[in-house]
Amino acid sequence: MAESIFRKLRDGGEEGELAPALTIEETVASPFGLDVSGYLLTNLSSSILAGKSKSQGLVLITFSRSPSFYLQLLKQKGIVVTSSSKWIHVLDCYTDPLGWIDQSSTGVTEGSSLIKLHKCVSDLKRLLTSIIEAGRELVGDGKTRFCVAIDSVNELLRRSSMPLVSGLLTDLRSHVQISSVFWSVNTDLHQEKVTNALECVSTMKANLEPLCPSEDGQRNALENLFLVHQDFGKGRFHVRFKLRKGRVRVMSEEYHVDQSGINFSPISSADTVIATTKSLLPKVQFNLQISEKERLEKEKVVLPFEHQDNGISTDIYDGRRSLVDGKIETTPLSSMVLQTDVVSSAKGGEIIYFRDSDDEHPDSDEDPDDDLDI
């Protein structure tokens, strides 16, 4: 599924369409959104250098980490970036986001042709202009396109309103020279309406689900960050593709984060069946399943209609069997003393009715009011 995302970002959109856009959602329990961004960044860089991508340049906007971190990441993957590289520009919004530092003391030594310092990130119109200018320096003013990578929009959402950020992303998608855009966001830092707005702007949404989600809420999720857990770097990677005519396709796979980065693998068939079964259960605030101990204790409970005869089966007469079947024994009655009597025995009982006289007609299908002239 990560490979499918990469191919869509590499190929871009058709002429006259908006550029494909990806939102990568991370949480406190699974904070690996930047690892996914790094995976896509290295693959897109490789395809651009190999000439296999429709875009011929890449503009990287850094908010959460310094430009040197990403340059080192590319170097570890065998992609050496120098000041003479004509396929990538880094827009540094990490060093001085508020414009308080003098440009001469920023310590940017990689060369102005590669890394450009951008101040005052709250001015989104100026940021859009800087991104377009950086891309045109790579590919020119013609029809050649470039892709845009934003490592995180959390800082943008902190300093600007959601409509302005959404407008910036939409302007990037609608620009004729931009082939694709992707960004990451931490959903625990923002309201649900903010993440929903980002999802509306994007054509793909990827979220990271931890392998062992916390059942006690946010508190345990925060504690997991400081505890060494063998499954902390493992989980599920879910991708939601928006297709034409309103169709949606959802795909999933497993991810594992180690020293070399993030790796993806298909989900086993057994795990798929379990995940499908759990997804079919309604989302309620109580547990619908019982443990093995609870099941054994439940089987020991004697219900009211079960007779306790030390395991011996008890034959109960239900009134539908005849007395001649030999199983129900009755006590002889005295002469016709009572109108009704209950014949009882150790095994059952039956109600027998005796008529008072022969004048009492038995039940018949004749209408007793048939002689009435109505």
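This report walks through a predicted model of a single protein chain, from its overall make-up to a few individual residues.

## The chain as a whole

Let us start with the broad picture. The chain has 374 residues, and 37% of them count as buried. Its secondary structure comprises ten helices and twelve strands. Among the contacts with a separation of 6 or more, 68% are between residues 24 or more positions apart. On the outside, the chain exposes about 23600 Å², and carbon and sulfur atoms supply 51% of that area.

How confident is the predictor? The average pLDDT over the chain is 79, with 70% of the residues scoring at least 70. Some stretches score lower. Over residues 224-228 the pLDDT is below 50, and this stretch has four contacts in the model beyond near neighbours in sequence. Residues 326-346 also stay under 50 in pLDDT, and for them the model has 33 contacts beyond four places in sequence. As you look at the structure, please keep these two stretches in mind.

## Helix 1 and a neighbour in helix 2

Near the beginning of the chain you will find helix 1, which covers residues 2-11. Its buried residues are Ala2, Ser4, Ile5, Phe6, Leu9 and Arg10. It helps here to recall that an α-helix has 3.6 residues a turn, so residues three or four places apart point the same way. Helix 1 is followed by glycine 12, which has a positive phi, near 70°.

Two of the buried residues of helix 1, Phe6 and Arg10, reappear when we turn to serine 47. This serine sits in helix 2, which spans residues 33-49. Serine 47 has a relative accessibility of 6%, so it counts as buried. Leaving aside neighbours within four places in sequence, serine 47 is in contact with Phe6, Arg10, Lys52 and Ser53. The contacts of serine 47 therefore include residues of helix 1, namely Phe6 and Arg10, which are themselves buried.

## Salt bridges

Side chains of opposite charge can pair when their charged atoms come close. How many salt bridges does a search of the whole structure find? The search finds twelve. Three of these pairs are set out below, with the distance between N and O atoms and the relative accessibility of each partner.

| Pair | N to O distance | Accessibility of each partner |
|---|---|---|
| Arginine 244 and glutamate 17 | 2.9 Å | Arginine 244: 56%; glutamate 17: 42% |
| Aspartate 141 and arginine 136 | 3.9 Å | Aspartate 141: 66%; arginine 136: 37% |
| Glutamate 199 and lysine 205 | 3.7 Å | Glutamate 199: 16%; lysine 205: 15% |

What does the salt bridge between arginine 244 and glutamate 17 tie together? Arginine 244 lies in the loop between strand 8 (234-242) and strand 9 (248-258), while glutamate 17 lies in the loop between helix 1 and strand 1 (21-26), so this pair joins parts that are 227 residues apart in sequence. Arginine 244 is exposed, and glutamate 17 is partly exposed.

The other two pairs have their own settings. Aspartate 141 is exposed, and its partner arginine 136 is partly exposed. Are glutamate 199 and lysine 205 buried or exposed? Glutamate 199 counts as buried because its 16% falls under the 20% cut-off, and lysine 205, at 15%, counts as buried too.

Salt bridges can also link up into a network, and here one is formed by Glu155, Arg158 and Arg159.

## A nonpolar patch and a loop serine

Which residues make a nonpolar surface patch of about 340 Å²? The patch is made by Leu98, Trp100 and Ile101. Of these, isoleucine 101 is found in the loop between strand 3 (88-92) and strand 4 (115-117). With a relative accessibility of 32%, isoleucine 101 counts as partly exposed.

Serine 83 belongs to the loop between helix 3 (67-76) and strand 3. Serine 83 is partly exposed, with a relative accessible area of 37%. The C-alpha atoms of serine 83 and isoleucine 115 are separated by 8.3 Å, while the two residues are 32 apart along the chain.

## Cysteines

A disulfide is a covalent bond between the sulfur atoms of two cysteines. In this model the count of disulfides comes to zero. Cysteine 93 is buried, at 2% relative accessibility, and cysteine 147 is buried as well, with a relative accessible area of 1%.

Definitions and conventions. Residues are numbered from 1 along each chain as its sequence is written. This is a predicted model: local features need pLDDT of at least 70, side-chain atom pairs count only at pLDDT 80 or more; totals for chains, interfaces and linings use all residues. Side-chain values use heavy atoms; hydrogens and water are left out. A disulfide is a pair of cysteine sulfur atoms within 2.5 Å. Buried means under 20% relative accessible area, exposed over 50%, partly exposed in between (1.4 Å probe, protein chains only). Patches are made of residues with over 30% relative accessible area and no salt bridge: like charges are joined within 9 Å, nonpolar side chains (Val, Leu, Ile, Met, Phe, Trp, Tyr) within 5 Å. Accessible areas come from the Shrake-Rupley method with a 1.4 Å probe; for residues, only the protein chains shown count as cover. A salt bridge is a side-chain nitrogen of Lys or Arg within 4 Å of a carboxyl oxygen of Asp or Glu. Helices (H or I, at least four residues) and strands (E, at least two) are DSSP runs, numbered from the N terminus. pLDDT is the predictor's confidence in each residue, from 0 to 100. Contact means heavy atoms within 4.5 Å.
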